[in-house]
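Student: I would like a close look at a single part of this structure. Please take one region and explain how its residues are placed.

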Amino acid sequence: MPSTTEFLRAVLGSGTDGGWIETRAIPEPKVEGVFTRPLFWRTPEQAAMWLRDYGSRMNTASHGMFFGAARRARRPVEWWAGGKNEHVDTCASLWADLDWKAYSGGKDEAAERLRECRPAPGIIVCSGGGYHAYWPLHQPMSADVARAFNSRIVLALASDRTVVNPGRVMRLP
């Protein structure tokens, strides 16, 4: 398993084009009305340092650590707002979320679908209740084109159809 920095660099790109990396600590289980403030970083190293330092100061069993699946070209104006689709211009990866409970064969069927997928995902993360699969790109593509490709991946894998948007947050490994 790559380090957090290596993972973020692979999924989000090198960062030479700028952009912000969004991170969030979300309570688990989710609690209605509990606020989760997003934080924004310029480099994978900064985001990884936050994860390491934050995780060492809190009970990480009570919070899931998440990141924006695409760099945010602009930070939201409101300090409390998370990055949304309109904050993303390009994507350096494609992604899918395969929840085990969505497959009649559970974890084994989800794993088999990923093994049979071509091209194979470059990174697979076990999220605790499924797999997050990533296809890092050689060159970033527009957010609209990435959404269209993510939608095709959903059809091919029968994965979660709500996880195609460029503003999506995903669980960190």
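**A buried side chain and a neighbouring helix**

Tutor: The side chain of Asn150 comes within 3.3 Å of the backbone oxygen of Val164. In this predicted model, the side chain of Asn150 also reaches the backbone nitrogen of Trp95, at 3.0 Å. Both pairs are polar contacts, because each joins N or O atoms within 3.5 Å. Asn150 belongs to helix H4, which spans residues 143-157. With a relative accessible area of 0%, Asn150 is buried, because that value falls under the 20% cut-off. Once neighbours within four places in sequence are set aside, Asn150 is in contact with Leu94, Trp95 and Val164.

Helix H4 also has a part in the surroundings of helix H3: the elements that cover the buried residues of H3 include H4, together with strand S4 (90-99), strand S5 (123-126) and strand S6 (130-142). Helix H3 runs through residues 106-116, and its buried residues are Gly106, Ala110, Ala111 and Leu114. Viewed down the axis of H3, these buried residues fall within an arc of 140 degrees, and therefore they line one face of the helix. The general background is that an α-helix has 3.6 residues a turn, so residues three or four places apart point the same way. On the face of H3 turned away from the buried side lie the exposed residues Asp108, Arg115 and Glu116.

A residue in another helix provides a further case. Gln46 lies in helix H2, residues 44-57, and counts as partly exposed because its relative accessibility is 36%.

How values were computed:
Residues are numbered from 1 along each chain as its sequence is written. This is a predicted model: local features need pLDDT of at least 70, side-chain atom pairs count only at pLDDT 80 or more; totals for chains, interfaces and linings use all residues. Side-chain values use heavy atoms; hydrogens and water are left out. Helices (H or I, at least four residues) and strands (E, at least two) are DSSP runs, numbered from the N terminus. Buried means under 20% relative accessible area, exposed over 50%, partly exposed in between (1.4 Å probe, protein chains only). A polar contact is a pair of N or O atoms within 3.5 Å; within protein, one must be able to donate a hydrogen and the other to accept it, and residues adjacent in sequence count only if both atoms are side-chain atoms. Contact means heavy atoms within 4.5 Å. The arc is that of the directions from the helix axis to the C-beta atoms.
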